[in-house]
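Visitor: Could you take me through one part of this model in detail? I would like a close look at the salt bridges and the places they connect.

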Amino acid sequence: MGILELDRTAIVAQESRWARRHLLLTEKNHVIDAFRQGLLDQAVYEKLLADIDARRLRLESDEEEKTTESQPVAANCD
């Protein structure tokens, strides 16, 4: 059996990004639902969606930068 080395910091960071992405998508769905129910006017709706999308792009952009800078998870399965 080989030895599998996991970078716990990288795993925790990835889980955190997944959680933030999920929260942003959930927030976006709530905004869409509120607009459909007539609780938000068009201007507020568009502003909220633009804000959520901008935060999601920043999250994904930071993820790409960290992926290229970080070292891959090592696995030795001899």
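Guide: Happy to. The count of salt bridges comes to four, and please keep in mind that this is a predicted model. For orientation, the protein chain has two helices and two strands, arranged along the sequence as β-α-α-β.

Let's start with a pair that spans the helices. Arg55 and Glu27 meet through their side chains, with 2.9 Å from N to O. Arg55 sits in helix α2 (residues 42-69) and Glu27 in helix α1, so this pair links distant parts of the chain, 28 residues apart. Arg55 has a relative accessible area of 26%, and Glu27 has 32%; each is partly exposed because its value falls between the 20% and 50% limits. This pair also belongs to something wider: Glu27, Asp51 and Arg55 are linked in a network of salt bridges.

A second link between the helices comes from Asp53 and Lys28, whose closest N and O atoms are 2.9 Å apart. Here Asp53 lies in helix α2 and Lys28 in helix α1, 25 residues apart. Asp53 is partly exposed too, at 29% relative accessible area.

Glu60 and Arg56 form a salt bridge within helix α2, their closest N and O atoms being 3.3 Å apart. The two residues are four places apart, about one turn of the helix. Glu60 is partly exposed at 25%, and Arg56 is partly exposed at 28%.

As a backdrop to these partly exposed side chains, 15% of the 78 residues of the protein chain count as buried.

Key. Residues numbered from 1 in each chain as written. Predicted model: local features only at pLDDT ≥ 70, side-chain atom pairs only at ≥ 80, totals over all residues. Heavy atoms only, no water. Buried < 20%, exposed > 50% of the residue type's maximum accessible area, 1.4 Å probe, protein only.
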